[in-house]
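Please take a moment with the sequence and the structure shown below before reading on. The paragraphs after them are meant to be followed with the structure in view.

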Amino acid sequence: MFVYDFIEKIGKIEVKYSRKFRKRYLTFTEEFSSEQEYNERLDEYLNEFRKEIQSLPFSLNSKQSRKAFLHNLYDEFLYTREHLNEQFIQLISQSHDCISLQKVRFKCCFPKYFQKKYLKKARTAYRKLHIVFTLRIDKIENAVDVLKLTALNDGIEIDTSNWSSQKRFKTNLSSPELAYLSFRIMEKVSVDPNFNRTHLSRILAENFSTKKAEFPKAAQIRKQFTEVNDNVKNRVESLLEELARANTV
């Protein structure tokens, strides 16, 4: 269905580093000449999404199935928005290092007109960075409004209380320690022995900050459920032993 194509197109941003004048700056694999042009392109995606959502009763006859579909789609939008915010923060951090830390060295190596040419390209690229993320977040907000209106017209209520920015639990654990600890606990308490590891990794990535990462990656967390070294295992075992001792006092 196009609704999931819309999420993929809106939520997946590919950037690369261009290396010119022995310097690097961010640029996009998808080029556009102006903010208006890019906004119109995203509007085309949004209009296709709106058309398919409005025809939902014809594709899903059961109201219960439409309700489940709309709730799942809302969760996907929530996850996509958080993912975009995370990616934006990471790229901004990288672009700051890229343009600032080597500036003095750059001035020593090249004539002034080369420096101006580089800075013009770099600033244009960083401006595009802001445009891309701002407009995509805006389209997600618009799509959620369409989703809520569609649900309301169908007599379906969607709980949007978690749409506001959520606060993360900050821990003094590393990403491998948080992943391994959570995995060990879920192995014991989950009714289904084959519980969804992808879902667990997403929950941890969306709600926890680790010792070094404010926005840990879900894919990396999932890998660290089982691929851990002895130091991580010993640290987690010590924490579990401390919890056990605390409960016996």
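What follows is a walk through a predicted model, beginning with its nonpolar core and ending with its salt bridges.

The largest nonpolar core holds 33 residues, and those that touch the most other members are F49, I53, L70, L73, F77 and L147. Two or more residues of this core come from each of helix 1 (2-11), helix 2 (35-54), helix 4 (63-100) and helix 6 (112-153), and helix 6 contributes the most, with 12 residues. I53 gives an idea of the contacts involved, since, leaving aside residues up to four places away in sequence, I53 touches V3, F69, L73, V146, L147 and T150.

Helix 6 is also where R136 is found, and this arginine counts as buried because its relative accessibility is 2%, under the 20% cut-off. Apart from residues up to four places away in sequence, R136 touches K9, I10, G11, K12, I13, E30, Y38, L42 and L84.

Further along the chain comes helix 7 (residues 175-189), whose 15 residues should span 21 Å at 1.5 Å a residue, and the end C-alpha atoms are indeed 21 Å apart, so the expected and computed values agree. Several residues of helix 7 are buried, namely S175, E177, L178, A179, Y180, L181, S182 and F183. The C-alpha atom of S175 is separated by 7.6 Å from that of A213, although the two residues are 38 residues apart along the chain. A213 itself is located in the loop between strand 4 (208-209) and helix 9 (218-223), and it counts as partly exposed, with a relative accessibility of 23%.

The salt bridges, of which there are nine, can be followed next. Within helix 2, the side chains of R41 and E37 meet in a salt bridge with an N to O distance of 3.5 Å, and these two residues are four residues apart, about one turn of the helix. In helix 6, K148 and D145 are three residues apart, again about one turn, and their side chains form a salt bridge at 3.9 Å, N to O. An α-helix has 3.6 residues a turn, so residues three or four places apart point the same way.

Another salt bridge joins R184 and E237, with the closest N and O atoms 2.6 Å apart. This pair links distant parts of the chain, R184 being in helix 7 and E237 in helix 10 (residues 230-248), 53 residues apart. R184 is partly exposed, with a relative accessible area of 22%, and E237 counts as partly exposed at 30% relative accessibility. Finally, D43, D138 and K139 are joined into one network by salt bridges that share partners.

Methods:
Residues are numbered from 1 along each chain as its sequence is written. This is a predicted model: local features need pLDDT of at least 70, side-chain atom pairs count only at pLDDT 80 or more; totals for chains, interfaces and linings use all residues. Side-chain values use heavy atoms; hydrogens and water are left out. The expected span of a helix is 1.5 Å times one less than its number of residues. Buried means under 20% relative accessible area, exposed over 50%, partly exposed in between (1.4 Å probe, protein chains only). A nonpolar core is a set of buried Ala, Val, Leu, Ile, Met, Phe, Trp, Tyr and Cys residues joined through side-chain atoms within 4.5 Å. Contact means heavy atoms within 4.5 Å. A salt bridge is a side-chain nitrogen of Lys or Arg within 4 Å of a carboxyl oxygen of Asp or Glu.
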